[in-house]
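Work through the exercises below with the structure open. Each task is followed by a stepwise solution.

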Amino acid sequence: MPAVDKLLLEEALQDSPQTRSLLSVFEEDAGTLTDYTNQLLQAMQRVYGAQNEMCLATQQLSKQLLAYEKQNFALGKGDEEVISTLHYFSKVVDELNVLHTGLAKQLADTMVLPIIQFREKDLTEVSTLKDLFGLASSEHDLSMAKYSRLPKKKDNEKLKTEVVKEVAAARRKQHLSSLQYYCALNALQYRKRVAMMQPMLGFAHGQINFFKKGAEMFSQSMDSFLSSVAAMVQSIQVELEAEAEKMRASQQELLSLDESVYTPDFDVAAPQINRNLIQKAGYLNLRNKTGLVTTTWERLYFFTQGGNLMCQPRGAVAGGLIQDLDNCSVMAVDCEDRRYCFQITTPNGKSGIILQAESRKENEEWICAVNNISRQIYLTDNPEAVAIKLNQTALQAVTPITSFARKQENSCPSQNLQSSQMENDKIVPKAAGIIPEVEQLIAPGTPIQFDIVLPATEFLDQNRGSRRANPFGETEDDTFPEAEDSLLQQMFIVRFLGSMAVKTDTTTEVIYEAMRQVLAARAIHNIFRMTESHLMVTSQTLRLIDPQTQVTRANFELTSVTQFAAHQENKRLVGFVVRMPESTGGESLSTYVFESNSEGEKICYAINLGKEIIKAQKAHHLVSEC
């Protein structure tokens with residue numbers, strides 16, 4: 001052990017400048033040691049705090065490993081192996097937590113406590129003795145100054161004696177405090193070396209014990225477990241790399257597609273439209289009214305579910321019901337100078353919702369899908385096959401055929417309703433012996449009119465002659481006076497599909513053929529727009545009324561309606577034949593086809609009832625004349 005510098009106790013009483021100079025060196029060393037000890041204690045306390053934090057961290061880690069099982073991950077299928085592995089790791093971490101707790105306690109006892117004791121005992125003692133030595137030196141200097149001022153006169157012997165005693169006491173006190181102070185400074189040179197090494201000795205022993213216990217805990221079984229976990233992680237990593245490679249290949253393949261995939265409405269000229277859809281999903285713009293004349297459009301995700309149209313905002317967990325599609329109607333509309341808009345109307349005729357598709361293909365497929373769903377095709381055993389059959393039936397109308405595949409067992413009830421007045425109103429007999437050819441019913445190449453017969457204003461002008469038109473577009477009270485005293489008034493919501501000239505009105509087959517050709521022409525030419533009207537059936541006329549302005553669009557005398565029938569399969573289709581006089585003196589026959597919100601048989605029944613009333617009125621008139 002190297003020699004230690006010391007203060008000579010023998011020179012304490014002399015208190016020479018040389019001794020004082022050497023004392024200042026020891027005092028400077030003690031001050032430096034105090035500063036260093038404080039810094040060392042902070043570092044050791046940080047180590048101890050980190051070890052305590054490790055205890056708390058491992059305890060929290062163990063709890064979190066056990067909490068994985070309780071997280072209820074939405075995609076947690078197949079995590080059983082991970083859960084069991086984490087449970088085992090939780091036990092290992094608990095054991096490690098015990099070791100860390102023991103290490104923290106050992107560090108507190110063998111590292112932090114000794115350095116604190118050295119600072120609080122030894123360094124504090126040196127500081128206290130330094131203060132006492134300074135006070136004693138000051139008292140000694142004062143007493144010596146008082147002694148030096150004593151006079152030479154002998155009559156002051158008493159005072160001299162007292163001052164001498166005071167100097168002696170002060171010198172004794174200074175000597176004692178200096179001896180104690182010198183001894184403490186000399187001992188500090190040894191104690192500082194012990195104080196520096198003893199805490200680190202405790203730190204080293206604590207770490208060694210920690211690692212020894214850890215080595216004992218991690219036995220051969222733990223090594224095998226860690227090896228199996230490492231192998232599992234490696235296999236997962238291999239699967240991840242393989243999946244990442246597949247996704248990169250798929251990404252490159254998807255990005256190499258034609259630019260038309262990103263371009264909306266790229267095939268506007270000739271889109272490939274699927275008209276057999278009974279389900280449809282995609283983004284549409286929904287029109288919302290925000291005021292009397294203001295509207296907003298919101299892009300939402302729509303999808304069909306059974307007979308319902310659902311809407312699901314982005315980020316929502318599930319969709320909500322927007323519209324019941326059963327028995328509703330759908331048509332293309334013009335709205336706010338926007339393209340590809342269509343409107344879904346409820347069965348009672350009230351305006352439903354207006355939607356906008358992003359392309360012509362999407363627009364027409366949505367219209368076809370909603371139209372198929374409104375017929376309740378989805379309730380059949382094979383809805384796809386039924387949809388295909390209905391659309392093929394419409395397309396087959398453009399192919400020449402020689403006869404109709406008429407179903408005798410499902411004859412239209414409207415024919416039975418007409419049997420009572422066949423002879424009076426030129427209705428066809430109850431059963432035709434021979435089914436006529438197509439050319440006998442409708443001339444080949446006959447044009448089809450898809451708009452309503454006459455616009456409301458033109459019809460009023462033709463009926464009023466040169467009279468001034470009503471600026472409000474309303475029908476005058478005396479235009480149709482029979483509406484007030486009519487014995488029959490029934491209103492039906494219908495949509496005009498088309499009309500065409502026919503060659504005969506002796507059979508209802510002419511109506512079925514007209515229906516087939518009208519539907520086929522609409523399918524071929526992608527015509528989905530339909531004019532909605534109110535069909536008023538009275539005991540004298542059939543009137544088509546604009547639902548918004550209540551203006552009569554067309555009027556047919558009931559006596560001029562010579563045939564009427566509903567479709568045998570699509571019960572919502574209804575048509576009638578009208579015989580109209582021409583300016584040349586002859587007569588023309590035209591068939592009008594409508595789609596109704598209700599069953600077509602109800603309209604046929606109302607027309608038949610009106611004809612019965614006319615027949616009864618004629619009979620009553622003949623009786624009264626007789």
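**Exercise 1.** Classify the contact between the side chains of Asp546 and Arg553, and decide whether each residue is buried or exposed.

*Solution.* The model is predicted.
Step 1: take the N to O distance, which is 2.7 Å.
Step 2: apply the cut-off. A side-chain nitrogen of Lys or Arg must lie within 4 Å of a carboxyl oxygen of Asp or Glu. Asp546 and Arg553 therefore meet in a salt bridge.
Step 3: check burial. Buried means under 20% relative accessible area. Asp546 has 12% relative accessibility, so Asp546 is buried. Arg553 has a relative accessible area of 12%, so Arg553 is buried too.

**Exercise 2.** Which parts of the chain does the salt bridge between Arg572 and Glu595 link?

*Solution.*
Step 1: confirm the bridge. The closest N and O atoms of Arg572 and Glu595 are 3.7 Å apart.
Step 2: place the residues. Arg572 is in the loop between strand E12 (561-566) and strand E13 (573-581). Glu595 is in strand E14 (residues 587-596). The two residues are 23 apart, and the pair links distant parts of the chain.
Step 3: check burial. Arg572 and Glu595 are both buried.

**Exercise 3.** Place Glu362 and Lys280 in the chain, and find the network that holds them.

*Solution.*
Step 1: Glu362 forms a salt bridge with Lys280, with the closest N and O atoms 3.2 Å apart.
Step 2: Glu362 belongs to helix H5 (residues 360-374). Lys280 lies in the loop between helix H4 (220-255) and strand E1 (281-289). The separation is 82 residues.
Step 3: Lys280 has 9% relative accessibility, so Lys280 counts as buried.
Step 4: follow the bridges outward. Lys280, Lys361, Glu362 and Glu365 form a linked network.
Step 5: set this against the total. The protein has 22 salt bridges.

**Exercise 4.** Compare two aromatic pairs: which is tilted, and which is stacked?

*Solution.*
Step 1: count. There are 13 aromatic pairs.
Step 2: take Tyr301 and Phe303. Their centres are 6.3 Å apart and their planes are at 35 degrees; the pair is tilted. Tyr301 is partly exposed at 29% relative accessible area. Phe303 is buried at 15%.
Step 3: take Phe576 and Phe594. Their centres are 5.7 Å apart, and their planes meet at 20 degrees, so the pair is stacked. Phe576 sits in strand E13 and Phe594 in strand E14, 18 residues apart.
Step 4: check burial. Phe576 is buried at 3% relative accessibility. Phe594 is buried at 2%.
Step 5: widen the view. Ring pairs join Phe496, Phe556, Phe576, Tyr592 and Phe594 in a cluster.

**Exercise 5.** Which residue has its charged end over the ring of Tyr283?

*Solution.* Look at Arg299. Its charged end sits over the Tyr283 ring, 4.3 Å from the ring centre.

**Exercise 6.** Which residues form a nonpolar surface patch, and where is Tyr262?

*Solution.*
Step 1: the patch consists of Leu254, Leu255, Leu257, Val261 and Tyr262. Together they have about 530 Å² of accessible area.
Step 2: Tyr262 is in the loop between H4 and E1. At 47% relative accessibility, Tyr262 is partly exposed.

**Exercise 7.** Summarise the whole protein: how many helices and strands are there, and what share of residues is buried?

*Solution.*
Step 1: the protein has 12 helices and 14 strands.
Step 2: of its 626 residues, 40% are buried.
Step 3: the accessible surface is about 36500 Å², with 55% belonging to carbon and sulfur atoms.
Step 4: among contacts between residues at least 6 apart in sequence, 68% join residues at least 24 apart.

Terms used:
Residues numbered from 1 in each chain as written. Predicted model: local features only at pLDDT ≥ 70, side-chain atom pairs only at ≥ 80, totals over all residues. Heavy atoms only, no water. Helix = DSSP H or I, 4+ residues; strand = E, 2+ residues; numbered from the N terminus. Buried < 20%, exposed > 50% of the residue type's maximum accessible area, 1.4 Å probe, protein only. Patch = residues over 30% accessible without salt bridge, like charges linked within 9 Å, V, L, I, M, F, W, Y side chains within 5 Å. Areas by Shrake-Rupley, 256 points an atom, 1.4 Å probe, with all protein chains shown as cover. Contact = heavy atoms within 4.5 Å. Phe/Tyr/Trp six-rings, centres within 6.5 Å; stacked < 30°, edge-to-face > 60°. Lys NZ or Arg CZ within 6 Å of the ring centre and 35° of its normal.
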